[in-house]
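User: I would like to go through the contacts in this complex, one interface at a time. Please keep the answers short.

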Amino acid sequence: MISDNAKKQIDSWIAKYPQGKQSSAVMEALKVVQAENNNQLNHDLIQAVADYLDMPGIAAAEVATFYENYNHKPVGKHIIRFCHNISCMLTGADDLISHLETKLGVKTGEVTKDGLISVKKVECLGACVGAPMFQIGDQYYENLTTDKVDEIVDGLK
Amino acid sequence: MNEVCFKNIDKDQCWSLANYEATGGYSVWRKILKGEYTPEQIIAELKTSGLRGRGGAGFPTGLKWSFMPRNAPGQKYIVCNSDEGEPGTCKDRDILRFNPHAVIEGMAIGSFVMNATVGYNYIRGEFIEPFNRFEGALKEAYEAGLLGKDINDSGIDFDLYSHLGAGAYICGEETALLESIEGKKGQPRFKPPFPANVGLFGKPTTINNTESFASVPDIMLNGGQWFADLGVENSGGTKLFSVSGHVTSPANFEVSMGMPFKELLELAGGMRNGAKLKAVIPGGSSTPVLTAEVAMAMTMDYDGIDKAGSMLGAGSVIIMDDSTCMVEALTRLAHFYYDESCGQCTPCREGTGWLYRVLKRIMDGKGKADDIDLLLGVQEKIMGNTICALGDAAAMPVESFLRNFREEFEYYIEHGKSMVKG
Amino acid sequence: MIVEIEIDGKLINANTGEMVIAVTDREGISVPRFCYHKKLSISASCRMCLVDVEGAPKPQPACSTPVAEGMKIHTQNEKAIASQKAVMEFLLINHPLDCPICDQGGECELQDVAIEYGSDVSRFSEGKRIVAPSDIGPLIQTDMTRCIHCTRCVRFGSEIAGIMEMGATGRGEELKIEPFLAEGITSELSGNMIDVCPVGALTSKPFRYELRSWQMSSVENIARHDLVGSNLYAQTYKGNVKRVVSGDNDAVNETWISDRDRFSYEGLTHENRLLFPQIKVEGQWKEVEWDVALDFAIKGLNNNILNSRNLAKLGGLASNTATIEELHLMQKLLREMGCENIDHRLNVKDLNNTMHLKSTIKLIELESVDHALVIGANLRLEQPMINHRLRKAQLSGANITTLNVKDFDFNYKVDSHITSPNEIANTLAGVLKTLIDKTKQEFPEYLSDVIPSEHSVTLANNLLEANNSVLILGEHLINNAQASSISNLTAEIAKLTNSSTLNLTATANSLGAQQVNFMPNSQGMNANEMLDADMRAFILLDIYPEYDFHHSAAALNALSSDDVFVISLNSFGSELVSQYSDVMLPMAAMFETSGTHMNINGKAQSFRASVGAPGEAKPAWKILKVLADLLELPSFHYENSTQVMSEVAHQSIQTHEYDASIDLSKQTVTLETIWMHSPYQSDVLLRHAKSLNASQIGQMNTASMSVTTAQSLSLNNKDTYLGVPVEIDSIMADQCVFVNSNQATNAGGSQ
Ligand SMILES: Cc1cc2nc3c(=O)[nH]c(=O)nc-3n(C[C@H](O)[C@H](O)[C@H](O)COP(=O)(O)O)c2cc1C
Ligand code: SF4
Ligand code: FES
């Protein structure tokens, strides 16, 4: 269920914590496994992570459902995580989100037909002086305008 | 400007070890390794500096460090809080990106004071670029023999790791953060016991904010008095202010404590499109909102903002011009706390949802005459009754928005639409 | 250290470190609470217990505020009440307030507190949260919309049951208490979650929608399914037990009971209950009046035994779940007639067994041992409450070692040594020899050929290092070919290491049976001998041969013989019982009779009947008394069971002569089968408890064997062994099969 490569990554996290505290690595382990499975977790994957870290399945499930970065429903290959909190709101995030929805033909929370993109409204991403902004993958995109949004989204493959 | 955390910010590759060392970086740590400091000296210097915790609560760092039972047997930990998630706050991200070695050295110095041989920097999960920067700096520091076991034959051990979050504002609360490092949900612990006695993995632990740690090396390098003199009484040093919202050039500014708000606003290029200032949230979403008049008369230090009726918090200054609908702004903040409540304690779990739903209903044009009293009543019932300060943080904006901009709420309820936006 | 504090103006002494709520509880000052539970860790999350502490800026939770010298606390002032009311209001906004249809109605902590602190009109007009119920198995009903997120059930799971099955997923308003696994909750202690849940979110599934709590009366009773004798309350309505909840007795079961004790009552109303006296006339069963049936019984005894004074051909056998009173009257009846063939040890192959090893440790003391050696026991399933005590010891640092045929699932860390039944005696002999070696004393003869294995040396060293160890013999040893040597070796080892012993082979009320000497003296025959002796009559007390006898085929044979007259007192009807009996007398089951049960610590606990017996069934002690009267035996003038008990109360437990020798050369069998009934099949009431048997534990039916054993028997995973599905286990001793089955033994018969 967990690939060797994933195990290697998880092990490198386990090594950071004291002996017997391997469950500290659960957050990263879930991310690693999620990344290998279409950006999505399910019951069996969570159990597999729990087993690998020798913790109860429900404890891993608590973590997987508490934090926002885990997905339990289908998402796009790229997830546009659009901040809609106060600083971004003040600088026009809502209009940009509407623009993006129209452009992609999906509402927030949905996936484009080709499965390429999903849009999600998120709370503050800690880049308020670069508002409005969104995150795709590991990357932040700041000081967005309609043109910039178009350009970035058109470049997604 | 830019004298402490940002002092190298204009340099090319300002985050590199070479750049850091060129301006005295790691010289304090090297002295410690040579046995030239005692923990007491460091604590004394910190106390003189007037450094107060930059994570929001403003607790004097020197005093906090003196609480650690450094001589108690067993493992002790030092933890850096880089979970930055409070709306309006984005300074720690830049410290990690542009001056990661200051955080490492600050934590190393702390580890020596507290006799903690292991440290973790908890970085919010979305901060991949800052995380990579920090990891890069860690690698440099290890390779330079500045971290590890028995560093430079000093007999001092310090291993530092980063831990990544996964999207939960509450993990910024220090005990939720510890739970999270332990691989659990980020639910705050009840206190007592305090982390200084029972912290990470049940061991004594000191937690400070990124900016607090990053300020320590220069305080030690130049002396506590030097730092204190940068600021004003009761608010030593410089502080990073994240100025966002309706300004021409939003940015992080490292300026002396005590700077008049007016000047800070000018630094940010003044109001965007010359609009009129309407309101300011001076310390991040959890701090009370101020009217323009009050804000314009305020100075940017703990006492100055306190006098104005708010809090310095994390130094996150959110500027709102007169096109802002305050009902909409509060609703957005209420949604944030509703979304981020961890859910373990009753007033916060149930109360944040209640606040948000009432505000949402008002926004939907279905407000009722007694909704304002209801909102005030609910926030009062959350206030002070929760395990951690998220409850208070959710309550405070409601009270201050309604106090300062009540007529906008009354208008919205009565007319079913915004007084500002129509 | 003692500190003085002030609560509501009253000066009170308290211990430092104690939480305020513990003090108020002790002083009878009522502070509302939901998440606090005295046996669980503190969570401080419901915030219901907020009180005003002078000098503190905010109200403080009484459950997590440690007392300190001079502290002044107000539990009832304006500030405290305001906080408590605020929390109550928050708790109610999303609560369905469906008290009229909720099973918890009338015993709901939320309802109680709401009446005191809630305001009548909720100002909440937004939509209420609805949480889909999850099916967590046949024992617990969930209505999670009612959940107030106190997490008592979650903490119960991880802290007491020792397996975290329930969790709180999601966050904020979406926080949801649910299990992760599709099979729901599987713990053998799961029903306690019903007791700890303060609201109607977790209720008893078998009890669902039956009644309102205030309609029932609660009667104290004692569980008799194992040798703990857990204290419980049977809640009854119109003569039926409707629900069982835990009692509170720190020396016995604290505040917990096993699922076995909680749900067995369901069997009481099973259609198989024997309701009327019946006699067999010309091979046909006839329901008759009691006097007719009793006359018939006496006549049978006269014809087959008494007229010919052939008392050596009469036997009396009883189930060891019977009460002390029943066992006493039965042996008295037999002995006064002149019969010495008396026994309760039906499940024992070789009567030279483990039973004589004394238990020298109190249940509560198990918590404080620093080392335990568990031999031949799957404690979680077989002795849940004892396992719970040992788990506590382990959590506070004890080292627990097991010597078992298989790596059983313990809910704590054990050091598991897999040992075949044939090696146990030798392993223990090795331990003993190592110990004697260290004291430089001489070995007894039987140890001369023993060469201690590495394994034995480790076990010996563990025992020597410990300050407070216990040796525990489990039920798997009852029929071990070297049972007697094992128990003698254990006693020797205990002596040399100052260890206590706990003998779990004395199941149910067998200590009670020993107290009243329900065993033959030297002139009498034991159970196994009776089966071979061509008897003419039997009196049987609640016996079901397919489950109760080790030699079930032989028993059936002996009882079915044409010229033997069998009087059966039974609580349940059974095909086999009707096949061999001549008269069947319906007797009261557990909960329906008064009596006394003796637990492993020799603690005799008496109980009253919680309900009357159904149909014409009568308490067995009364049936036996009337039989004695009809037989004109002189001293049976009892009016109630208490009088019976007072006759034996002074008697101490009789230990019978036993073989104290240790013989390691005794031929061991090449393939040992350990046959354990599933924990929900271990007595007749349990076997008829529907919901228990539908649970995962109740469905257990496997014959475990190692790969090598399977190969030698030419079996694989799809086959059956003695009628039980084979499960090949990679961590298992060779030369043995471990059967855990919910089927009658005679499905395949044991050797
Ligand atoms: C809801 C909540 C969120 C918080 N978030 C942060 C945060 O993101 N970063 C931070 O440094 N402190 C945060 N804090 C404050 C920390 O609990 C803690 O006081 C701080 O990390 C201590 O460091 P300092 O003394 O250096 O400020 C938060 C507190 C609360 C109640
Ligand atoms: S189900 Fe009951 S015990 Fe469990 S958290 Fe909800 S209210 Fe508490
Ligand atoms: S009982 Fe104290 S907070 Fe729940």
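Analyst: What follows is a set of questions and answers on the interfaces, the domains and the ligand site of a predicted model.

User: How is chain A divided into domains, and what distance separates the domain centres?

Analyst: The domain assignment splits chain A into domain 1, residues 4–66, and domain 2, residues 78–154. Taken over C-alpha atoms, the centres of domain 1 and domain 2 of chain A are separated by 29 Å.

User: How many residues of chain A and of chain B are in contact, and what area is buried between chain A and chain B?

Analyst: Chain A brings 39 residues to the contact and chain B brings 59 residues. Carbon and sulfur atoms give 58% of the area buried between the two chains. On the side of chain A, Phe66(A), Leu90(A) and Val129(A) supply 18% of the area buried against chain B, more than any other three residues. The total buried between chain A and chain B is about 3700 Å².

User: How many salt bridges and polar contacts are counted between chain A and chain B?

Analyst: One salt bridge is formed by Arg81(A) and Glu126(B), with the closest N and O atoms 3.9 Å apart. That distance falls inside the 4 Å cut-off for a salt bridge. The count between chain A and chain B is five salt bridges, and the residue pairs in polar contact, both at pLDDT 80 or more, number 19.

User: Which elements of chain A give two or more residues to the side that touches chain B, and how do the residues of that side divide by class?

Analyst: The elements are helix H2 (26–35), H4 and helix H5 (86–90) of chain A. By class, the residues on the side of chain A that touches chain B are 19 nonpolar, nine polar and 11 charged.

User: What area do chain A and chain C bury between them, and which three residues of chain A supply the most of that chain's share?

Analyst: The contact draws 13 residues from chain A and 12 residues from chain C. Together chain A and chain C bury about 990 Å², with 68% of it on carbon and sulfur atoms. Of the area that chain A buries against chain C, 52% comes from three residues, more than from any other three: Ile58(A), Glu62(A) and Phe66(A).

User: How many salt bridges and how many residue pairs in polar contact lie between chain A and chain C?

Analyst: Under the salt-bridge rule, the interface of chain A and chain C has zero salt bridges. For residue pairs in polar contact, with both residues at pLDDT 80 or more, the count is four.

User: Which element gives the most residues to the side of chain A that touches chain C?

Analyst: Two elements of chain A give two or more residues to this side: helix H3 (43–52) and helix H4 (57–66). By class, the side has seven nonpolar, four polar and two charged residues. With seven residues, the element that gives the most is H4(A).

User: Where do the domains of chain B lie, and what separates the centres of domain 2 and domain 3?

Analyst: Chain B is assigned domain 1 (17–230), domain 2 (238–321) and domain 3 (326–415). Over C-alpha atoms, the centres of domain 2 and domain 3 of chain B are 23 Å apart.

User: Which residues form the salt bridge between domain 2 and domain 3 of chain B?

Analyst: Domain 2 and domain 3 of chain B bury about 950 Å² between them, 69% of it from carbon and sulfur atoms. Lys278(B), Ser285(B) and Val289(B) lose the most area in domain 2, together 46% of what that side buries. The rule finds one salt bridge across this interface. At 2.5 Å from N to O, its side chains are those of Lys278(B) and Glu408(B).

User: Which residues come nearest to ligand 1, and which side chain has an N or O atom 2.6 Å from an oxygen atom of ligand 1?

Analyst: Among the 18 residues around ligand 1, those that come nearest are Gly55(B), Asn81(B), Asn208(B), Asn209(B) and Ser212(B). Backbone N or O atoms also approach oxygen atoms of ligand 1, at 3.2 Å for Arg54(B) and at 2.7 Å for Gly55(B). The side chain with an N or O atom at 2.6 Å from a ligand oxygen is that of Ser212(B).

Conventions: Residues are numbered from 1 along each chain as its sequence is written. Chains are lettered from A and ligands numbered from 1 in the order in which they are written. This is a predicted model: local features need pLDDT of at least 70, side-chain atom pairs count only at pLDDT 80 or more; totals for chains, interfaces and linings use all residues. Side-chain values use heavy atoms; hydrogens and water are left out. Contact means heavy atoms within 4.5 Å. Buried area is the accessible area (1.4 Å probe) that two parts lose on being put together, summed over both. A polar contact is a pair of N or O atoms within 3.5 Å; within protein, one must be able to donate a hydrogen and the other to accept it, and residues adjacent in sequence count only if both atoms are side-chain atoms. Helices (H or I, at least four residues) and strands (E, at least two) are DSSP runs, numbered from the N terminus. Ala, Val, Leu, Ile, Met, Phe, Trp, Tyr, Cys and Pro count as nonpolar, Asp, Glu, Lys and Arg as charged, and the others, Gly among them, as polar. Domain bounds come from an automatic or database domain assignment. A residue is near a molecule or strand if one of its heavy atoms lies within 4 Å of it.
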